Every structure is written in C-alpha cells, then in structure tokens.
Amino acid sequence: MQRDYDLIVIGGGSGGLAGAFRAAGHGARVALMEPAALGGTCVNVGCVPKKAMWLAAEVGRRIGMGRVLGFDATACALDWPTFVTHRERYIHNIHESYRRRLDAAAIVHVPRRVRLVDPRTVECDDGVSVSAERILIATGGHALRPDIPGADLAAVSDDFFDWRQAPERVAVVGGGYVAVELAGVLQSLGSQVDMWVRGDRLLHGFDEDVAAQLADDYCQAGIRLHLGSGTTAIEADGERRRLRDGRGEWHGPYDQVLLATGRAPNTRDLGLDAVGVDTDARGHVRVDERHQTTCPGIHAVGDVTASVALTPVAIAAARRLMDHLFGGRADASLDLEQVATVVFSHPPLGSIGLTEAAARERHGDDVHVYSTGFRPMLEALTDTPQRSLFKLVCVGEERRVVGLHLLGESADEILQGFAVAIRKGITLQDLNDTIAIHPTSAEEVVLM
Ligand SMILES: Cc1cc2nc3c(=O)[nH]c(=O)nc-3n(C[C@H](O)[C@H](O)[C@H](O)COP(=O)(O)OP(=O)(O)OC[C@H]3O[C@@H](n4cnc5c(N)ncnc54)[C@H](O)[C@@H]3O)c2cc1C
Ligand SMILES: NC(=O)c1ccc[n+]([C@@H]2O[C@H](COP(=O)([O-])OP(=O)(O)OC[C@H]3O[C@@H](n4cnc5c(N)ncnc54)[C@H](O)[C@@H]3O)[C@@H](O)[C@H]2O)c1
C-alpha cells in the first residue's frame with residue numbers, strides 16, 4: 001500500500017529536524033509535523049537564547065574588569081529590551097535558515113500538533129490524517145513544576161526568556177544545569193540571587209571538586225547559596241513572591257521565583273497507548289539501542305526518550321537512525337560513554353567522561369587524579385576572587401585519560417578538542433608530550 005510519505009517526523013526541534021534532513025538526504029519523502037517555532041527547545045527557549053544571555057553577562061563582566069584596569073567605562077547596566085531585540089533577530093535568522101533548508105530538501109512542513117492513530121498514521125489537530133512507512137517521535141520535553149502549593153506562581157525557564165528586565169531579587173530553585181546557568185546570568189546582570197538547592201551540592205553527576213569550586217565562585221560573586229534546602233511552598237505577596245523552605249520558614253519577598261527543577265517528556269495526547277508504544281516510569285518513550293520503540297516502524301530520539309538530554313545527542317541519534325533506515329548503514333546505535341558537555345556558568349564548566357567518584361567505582365584503586373587550581377591572568381590582573389579548577393582522571397599504569405573536568409575561563413571552547421583526543425584513548429604521557437600554548441588556561445591541561 002502506497003503511503004503519503006516514507007517518514008513522518010513528529011517535532012521540529014533538534015532531533016526532529018536533524019532526522020528529517022538526513023532522511024531526505026537519503027532520498028526519503030519526509031513530512032515534518034511542528035506546530036510551534038522551528039528549532040524546538042534549543043533554538044527558542046534553550047541553548048541559543050540561554051547562550052546569548054550568558055554572552056551578555058560575560059560582556060558585562062568584562063566591561064567591569066575593564067574599568068578596574070583603567071578603561072574609561074561608565075555604568076554598564078544592560079538595557080534588556082535592546083539586547084533581546086538582538087537575541088530575537090539572531091533566532092529569527094535561524095528560523096529562516098531552517099525554512100530555506102526544508103524547502104531545498106523538499107521536506108513538507110505541516111504546522112500541526114499530531115497524535116498517533118495507528119502504527120503508520122498520525123492525525124493532525126485539524127482532523128487530517130497522514131501516513132508513512134515510518135514515524136519518528138521527537139517531541140522533546142517541558143519544564144516540570146514540583147508538586148508544592150503555589151508552584152504556578154513561579155516562573156520556569158520558558159518564562160525567563162520573556163523577561164524584559166532583570167528582577168531586583170530572585171530566588172532560583174534547583175541545582176542542575178538550568179538553575180546554575182540562569183542563576184549565574186541573573187547575578188552577573190545585576191540581580192540579587194538566592195539559590196535554593198534541595199541536595200547538598202550543585203550539579204549532581206558532575207565531578208564533586210569542580211562543582212564545589214563553582215559553588216565557591218558563585219558565593220564569591222554574591223549568590224546566596226542555600227544547600228540542603230527543599231522548597232515546600234510559594235505564595236504571593238502582592239506582585240512579589242515568597243518561598244517556604246523545608247524547615248517551614250518563609251523567605252523573600254522576591255520579584256521572581258524561578259523553578260528549575262527538571263524536565264519531563266512531551267508524551268501527553270500523543271496516542272502512544274493506541275499504537276502500543278511503551279513509556280518508562282518517568283514517562284519517557286522506551287527505545288532499544290537502535291531507537292526502536294515497542295511498536296515496529298515507530299522510532300524515537302531526543303528528550304522524549306531517557307537519553308542524555310543534550311542537543312548534539314538528539315542530533316547524533318537522529319542522523320544515525322536515518323543512516324540506518326534509509327542509508328543502508330548497519331549500526332544505528334550511539335556510544336554515549338564519552339559525551340562532552342558544558343554548563344554555561346560563570347566561569348563555564350566543561351566535562352567529559354568519568355568523574356573521580358565514578359572512575360573509582362569502576363576501576364577501584366587503579367585511578368590516578370591530577371588537578372590544578374589557578375587564577376587566569378585576567379582574573380589575577382583585576383584581582384577578582386573567581387578561581388579555576390582543572391581535573392584529569394586517569395586509569396591504569398599507562399594513565400589512560402577517562403575523564404576531564406574543566407572549570408574556568410574558556411572551558412566551553414577548550415574542551416571540544418580534548419574530547420576528540422580522549423575518545424581516541426590518549427594517556428597522560430600524550431598530554432605531557434604536547435608542547436603547551438603559553439600563556440593560556442588551556443596549557444594547564446597538558447602540564448598536569
Ligand atoms: C534552558 C535550557 C537550556 C539548554 N541549553 C542547552 C545547551 O546549552 N546545550 C545543549 O546541548 N542542550 C541544551 N539544552 C537541552 C536541549 O535544548 C534539548 O536536549 C534539545 O532541545 C532536545 O531536542 P529534541 O529534538 O528532543 O526536543 P525539542 O527541541 O524540545 O523539540 C521538540 C519539538 O516537538 C514539538 N512537539 C511536541 N509535541 C508535538 C506534537 N504532538 N506534534 C507535533 N510536534 C510536537 C515541540 O513543539 C518542539 O518544537 C537546554 C535546555 C533548556 C531547557
Ligand atoms: N548547557 C547545557 O548543555 C544544558 C543547559 C540546560 C539544560 N540542559 C539539559 O536539560 C536537562 C534538564 O535541565 P534541568 O536543570 O531542568 O534539570 P536537572 O535534572 O539538571 O536539574 C534539576 C534540579 O532540580 C532539583 N529538583 C528536582 N525536584 C525538585 C524539587 N521538588 N525541589 C527542589 N529541587 C528539585 C534536582 O535536585 C536538580 O538539582 C539537563 O539534564 C541537561 O541535559 C543542558
């Protein structure tokens with residue numbers, strides 16, 4: 001039976017677009033179902049506007065440092081509306097670029113929310129049905145609000161990108177990627193930030209020492225860090241908000257409370273039950289290592305699955321899958337052992353491979369750790385308290401590098417090249433044999 005398309009992609013975010021383009025590149029007839037702005041979370045309310053805000057905060061910091069060094073720089077408060085205009089123009093250009101690429105690849109964009117009605121058919125919210133040999137679910141996720149009284153009174157990361165001024169006082173709830181990044185941006189742009197963190201540290205899953213140094217840097221920058229403090233309620237105080245901690249004490253008032261307490265997959269009303277696509281306890285679509293769901297012919301990638309929730313991971317998974325389905329490539333599985341990631345904090349934190357704790361768990365006493373704490377030249381010249389910490393985790397007599405954790409200026413840019421080398425199995429000796437670039441922060445990696 002002839003279907004309308006070879007592939008229907010549900011969701012035009014990082015994974016969906018990558019899958020659609022790659023499948024079309026292999027000659028497949030593709031329909032992309034996306035009711036909202038092209039680019040999904042990453043382009044519209046994630047990586048891209050977040051990085052823009054991070055850059056604004058860094059520029060502000062540099063202007064302040066310039067003043068210390070003798071530049072005639074006057075007050076440098078950011079005019080948010082002006083900056084947001086630049087940010088949105090940048091994002092508009094990405095949308096336009098996607099549109100041109102979709103047209104060039106003859107991918108049909110259907111601007112509709114859809115649900116599955118059988119293993120080969122989706123129904124759009126205007127009642128039109130579309131069929132294909134294969135379906136890719138790439139519907140991503142959304143910010144999760146904790147189940148506490150008053151949670152609806154608080155903002156989540158999507159709302160942050162609608163703000164047109166820095167709140168004077170803000171409470172950020174959470175200690176993960178989003179909380180750390182947005183707290184850092186807000187503090188750098190002039191807000192007084194209180195971070196309310198349920199656990200006893202920031203960035204669970206990242207190397208403990210490096211996360212502790214970041215916590216210290218944040219405190220030095222003026223962030224009030226409340227560790228081990230669950231948030232149990234939020235209430236209105238006129239236009240402002242108050243927050244109740246785990247001991248029942250109220251804090252505030254804050255101009256904004258920002259919840260950054262994790263994300264959940266977008267599977268509601270997707271018709272998964274109708275076609276036998278199983279989900280796990282947290283609602284993620286279950287897939288095998290080849291991104292096949294429990295319904296033959298239906299696949300899933302990205303944040304809607306329980307994979308690592310990063311844009312490049314969604315893209316890599318989608319491309320591999322399409323190479324497998326339409327390009328004749330035998331293996332669709334993806335190696336997620338050594339995924340490099342950066343938290344855009346101030347300073348940024350880059351990480352790949354095993355933390356010291358994870359390495360010790362896996363390799364016992366055969367783990368060798370090298371670290372260096374230092375102040376980059378600009379921080380030292382301006383006498384700021386921010387400190388960097390680089391840490392290398394090696395195993396075995398040959399000191400094979402299994403983890404690299406960089407907190408410091410330019411860590412976001414330094415890590416990528418080392419990630420290639422670490423994937424290739426380098427040793428400490430390989431690093432030491434590499435002549436350093438001086439004077440840089442990066443040279444610290446080869447001098448450990
Ligand atoms: C604040 C923030 C900052 C981030 N920063 C980074 C970063 O710096 N680096 C990084 O690598 N990752 C970052 N991420 C994570 C990254 O954004 C996600 O991992 C990535 O966007 C996941 O891509 P995806 O394709 O799975 O889903 P998404 O990008 O979320 O796309 C899903 C799309 O599906 C559509 N959709 C949903 N339901 C339906 C339906 N029924 N029918 C049709 N369409 C539907 C949605 O409208 C959406 O456009 C960040 C996330 C957040 C929230
Ligand atoms: N730079 C990047 O690459 C980047 C940036 C942002 C997000 N992301 C991706 O998006 C994912 C989601 O980020 P996130 O920060 O939303 O989630 P997260 O899982 O990283 O952090 C969630 C935080 O909320 C806390 N929390 C959960 N429930 C809570 C509650 N009831 N009360 C108080 N605290 C609570 C957790 O302890 C944790 O600290 C990340 O895992 C990451 O993969 C990546």
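Over residues 5–318 of this predicted model, the chain comes out as 34% helix and 24% strand. The C-alpha atoms at the two ends of that stretch sit 18 Å apart. These are the residues that UniProt, in an unreviewed entry, lists under "domain: FAD/NAD(P)-binding".

The domain assignment cuts the protein chain up in its own way. Domain 1 is pieced together from residues 5–49, 81–142 and 264–326, while domain 2 covers 151–261 and domain 3 covers 347–447. As for how domains 2 and 3 are placed, their C-alpha centres lie 29 Å apart. Where these two meet, domain 2 puts nine residues into the contact and domain 3 puts in 14. On the domain 2 side of that contact there are four charged residues, along with three nonpolar and two polar ones.

Then there is ligand 2, with 24 residues around it. Pro146, Gly174, Gly176, Val178 and Ala309 are the closest of these. Sorted by character, the shell around ligand 2 holds 11 nonpolar residues, 10 polar ones and three that are charged. Which element gives the largest share of this shell? That turns out to be α6, with four residues. The helix α6 spans 177–188, and the strand β17, at 341–343, also supplies at least two residues of the shell around ligand 2.

Terms used
Residues are numbered from 1 along each chain as its sequence is written. Chains are lettered from A and ligands numbered from 1 in the order in which they are written. This is a predicted model: local features need pLDDT of at least 70, side-chain atom pairs count only at pLDDT 80 or more; totals for chains, interfaces and linings use all residues. A residue is near a molecule or strand if its C-beta atom, placed from the backbone, lies within 6 Å of it. Ala, Val, Leu, Ile, Met, Phe, Trp, Tyr, Cys and Pro count as nonpolar, Asp, Glu, Lys and Arg as charged, and the others, Gly among them, as polar. Domain bounds come from an automatic or database domain assignment. Two residues are in contact if their C-beta atoms, placed from the backbone, lie within 7 Å. UniProt positions are given in the numbering used here, feature names are shortened, and annotations may be inferred rather than shown by experiment.
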